[in-house]
Amino acid sequence: MPESFESFLRLQVEALRSAVGSRPFVLLGHSAGGLIGHALAAQAEREGLALSGTVVLDTFQAGTQFSADLSRAMLEGLFAREHLFGSGALSGVRLSAMGHYHTLMDECAIAETKAPTLFVRAEKPLPYQADGVDDDGWQAAWSLPHTLVTTPGDHFTLMEENIAVTTAAIRGWLAERDI
């Protein structure tokens, strides 16, 4: 496991450079992966890679949007889906690694990119997620410039039974930009 977010990001930029070379690309990340994807996008741009856009799916910004209720809802959602990940997917070792990566997320600073960003958020809250929250304050929010799309479902189901609608929104956004 990486000792810092910076070392993790360096490794990911090299893997990305190896995969795309000089070709244009779009990065997509869901949940905490949206923070990682956007941080990687900004670093890739700084290093001269041909970023065309970033898609961030229902991502909550570390330190500002994560509540105990949201954490509880996310963990319960993961454990309810354990059978989808395969046996041992949520073992002690993997959960410890996941905890370490979430600690690293405290070091993850998102920065504006020249390439456009699509921010997709869920229409419905997870259980407990909206408890004690006014209006739509439970929903994920993105502080940098972006196009916002709200899709059916919750944090998990926008990538499960509502994936067709989520995918259509992404494809439409890409097509509008000739990406």
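Of the 179 residues in this protein, 42% count as buried. The model you are looking at is a predicted one. Here is a short tour, starting with the overall make-up and moving on to the sheet and a helix that lies across part of it.

**Overall make-up**
- The protein contains 6 helices and 4 strands.
- If you follow the chain along its sequence, these elements come in the pattern α-β-α-β-α-α-α-β-β-α.
- Among contacts with a separation of 6 or more, 80% involve residues that are 24 or more positions apart.
- The accessible surface of the protein adds up to about 9500 Å², and carbon and sulfur atoms account for 54% of that area.

**The sheet**
- The 4 strands make an open sheet with parallel pairing, and their order in it is β1-β2-β3-β4.
- At the edges you will find β1 (25–30) and β4 (147–151), each of which pairs on one side only.
- On average, neighbouring strands of this sheet are turned by 15 degrees against each other, with direction ignored.

**A closer look at β3 and β4**
- Strand β3 covers residues 117–122 and pairs with β4 in the parallel sense over 5 bridges.
- To find your way in this pairing, look for A122, which stands opposite T151 in β4.

**A helix across the sheet**
- Helix α2, made up of residues 32–46, lies across three strands: β1, β2 (51–57) and β3.
- Relative to β1, helix α2 runs at about 155 degrees.

Conventions:
Residues are numbered from 1 along each chain as its sequence is written. This is a predicted model: local features need pLDDT of at least 70, side-chain atom pairs count only at pLDDT 80 or more; totals for chains, interfaces and linings use all residues. Side-chain values use heavy atoms; hydrogens and water are left out. Helices (H or I, at least four residues) and strands (E, at least two) are DSSP runs, numbered from the N terminus. Buried means under 20% relative accessible area, exposed over 50%, partly exposed in between (1.4 Å probe, protein chains only). Contact means heavy atoms within 4.5 Å. Accessible areas come from the Shrake-Rupley method with a 1.4 Å probe; for residues, only the protein chains shown count as cover. Two strands pair if DSSP finds at least two bridges between them. Axes are lines fitted to C-alpha atoms, for helices over the stretch in contact, and angles run from 0 to 180 degrees between N-to-C directions.
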